[in-house]
Structure formats: C-alpha cells, structure tokens
Amino acid sequence: MDIHNTSEDIVVNAVQSIFEEIQSSGNSDDLCLCYQCRIDTICYALNRIAPHYIVSNRGLTRIEQTGITHQQAEADVTSLVYRGLRLVNHNMRPTAPHDGSTAASSKHNLPVFDIPTISGRIFNGESFEPVVDIDVELTLDSDIVSMRNSNWQNPYRMVTSTPGAFSFWPAPITAYAPEAIQVFKFAIKVNSPDYEPLQHFFEISSTSRYHTPHSYALNRTFKLPDLYLFPPGEAEINE
C-alpha cells in the first residue's frame, strides 16, 4: 500500500528552509538548530495541521493545481514552524546532545538484526489500576538493551501521562551475514519496594538485513500481554 501524506512534505521543506535561513543569517537569537530540535519542530507543526493523503501522482497533480490554497497552507505552516521552534527551544529534550549531530548512522556496512518496537501495559494486581512511578527495564541475556536513539529510554519510567503503558525501541544488533535468522531472548523486569519483583520473558525472531527502518510504525510493534504487579508478600498469601 503506497499512501503519502503531502502535509509532511510541506512541513519538512518549511523547517529545512527556515532553519537554513536562520543559520545563514547568523542566528542572532542563538536558537538551537540541532537534529533533535529540528524533528521536534516538525512534529509540533504536523500535530497542528490537517493531513492530506494521496495514492498516486495524479493526486499530487491535483494539489499543485490548487495554487492559492497551497500558498495559504505554506504561510500557515511557516507561522507554525517559527512558533514551534521557539517552544521547542524553551523545552529542549534533556536526553538529546543538542550539539548539531544528526541521527545515528551505521559506522560499518554490516547487516543488522532489526528489533521492532516493544510495548506493553502494567497494572496493580489488586486494584487493576495502571501503575506509575516505577522503572521498567528491558534486558537481553540479563543485560540492559540499548535503545535506537536518545528519545527512547531504558529503564522506562512509568508516568501518569501514559498510564500503565511502556514502550522500547531497541537499537539494531550487528550481524555478520545477511539473511541470518536469530531468536533473541528478552525480559521485562520491574524491581520496586512497593511490589514483588516481576520478570516476564519473551522471544523475538529477526532476520538480518543491510537496511532497517528509520521511523517508528505501529504495524512493526511487538505487543506483550498485560502484566500485573502485587504488593510484597501477596504471592505467599495467594499460595
């Protein structure tokens, strides 16, 4: 299925143009123009404009014919980009380097095992309420798993804005030959003084490739069953 949101093109082009203009003019306001702030600005604008989907070049042609509407859309996006850039700069992600570096790229032309995003939910086993203020770890063979980039944390702190839900996007794992199949044994671990320790083991099979996806997609998510935490001593009581 080949569906494209042309609003993304408008926003990305506007951000690239505005960032380049600010940089070339000396950046008198000393704004951070790093890769992370750039994609955060793109997300800010995209979340505030309507998507416009096409499935063919004929659809793109129709859009280009509506010149006045297209120009107005670009003007609106430009205003959004400037607003988003300043807001992003006032709330810069503490986990990003903000040093002008771009997304991580492979240092060697080697195939890798691409691990999908991993998501799940954790509830209090007594009240069935979503748990918050605990750390959830993703491990591979007892080691903490490295994440795809700094926007994904491991351990993941459960917060009220995403009640009970956690997610991880592991970094690709280097392989030494393409088309190799390997099963990876992961575990979700929770150690909190308020609950009994939790360990949930699961496996993901992956085939090594030279190219891996660079963006998150819902259809590439490995969903875990709902997990439950119990207060200390609850297991003995139930037995």
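Of the 29 residues in the largest nonpolar core, which touch the most other members? In this predicted model, they are I122, L138, F166, F186 and I188. At least two residues of this core come from each of the strands β4 (117-124), β5, β8 (165-168), β10, β11 and β13. The most is given by β10, which contributes four residues. Apart from this core lies another, made up of 16 residues, among them I10, V11, I18 and L80. In soluble globular proteins, nonpolar side chains tend to be buried together.

The surroundings of I188 can be described residue by residue. When residues up to four places away in sequence are not counted, I188 touches V136, E137, L138, F166 and F168, and also L198, Q199, H200, F202, L224 and L227. Two of these partners, L138 and F166, are themselves listed with I188 among the core residues that touch the most other members.

The protein chain as a whole contains five helices and 13 strands. Of its 239 residues, 37% count as buried. Its accessible surface comes to about 15,000 Å², and 51% of this area belongs to carbon and sulfur atoms. Among contacts between residues at least 6 apart in sequence, 74% join residues that are at least 24 apart. The pair V112 and Y210 illustrates how distant positions in sequence can lie in space: these residues are 98 apart in sequence, while their C-alpha atoms are 6.2 Å apart. V112 is placed in strand β3 (residues 112-113). With a relative accessibility of 14%, V112 counts as buried, because the limit for this class is under 20%.

Strands β10 (residues 181-190) and β11 run antiparallel and are joined by 10 bridges. One bridge partnership links V190 with L198 of β11. Strand β11 itself spans residues 198-207 and has two unlike faces, one covered and one uncovered. The covered face carries L198, H200, F202, I204 and S206. On the uncovered face are Q199, F201, E203, S205 and T207. In a regular strand the side chains alternate between the two faces of the sheet.

Several features of the loops were also examined. A cis peptide bond, with omega about 10°, joins N154 and P155. P155 has its place in the loop between β6 (143-144) and β7 (156-157). Positive phi values in residues other than glycine are found at N27, where phi is near 50°, and at D141, where phi is near 55°. N27 lies in the loop between α1 (6-24) and α2 (35-46), whereas D141 lies in the loop between β5 (135-140) and β6. Is each of these positions buried or exposed? N27 has a relative accessible area of 17% and is therefore buried, the limit being under 20%. D141 reaches 57% relative accessibility and so counts as exposed, a class that requires over 50%.

On the surface, F128, Y228 and F230 form a nonpolar patch, with about 300 Å² of accessible area together. F230 is found in the loop between β13 (227-229) and α5 (234-238). The relative accessible area of F230 is 31%, so this residue is partly exposed, between the limits of 20% and 50%.

Terms used: Residues numbered from 1 in each chain as written. Predicted model: local features only at pLDDT ≥ 70, side-chain atom pairs only at ≥ 80, totals over all residues. Heavy atoms only, no water. Buried < 20%, exposed > 50% of the residue type's maximum accessible area, 1.4 Å probe, protein only. Contact = heavy atoms within 4.5 Å. Areas by Shrake-Rupley, 256 points an atom, 1.4 Å probe, with all protein chains shown as cover. Pairing = 2+ DSSP bridges. Patch = residues over 30% accessible without salt bridge, like charges linked within 9 Å, V, L, I, M, F, W, Y side chains within 5 Å. Salt bridge = Lys/Arg side-chain N within 4 Å of Asp/Glu carboxyl O. Core = buried A, V, L, I, M, F, W, Y, C linked by side-chain atoms within 4.5 Å.
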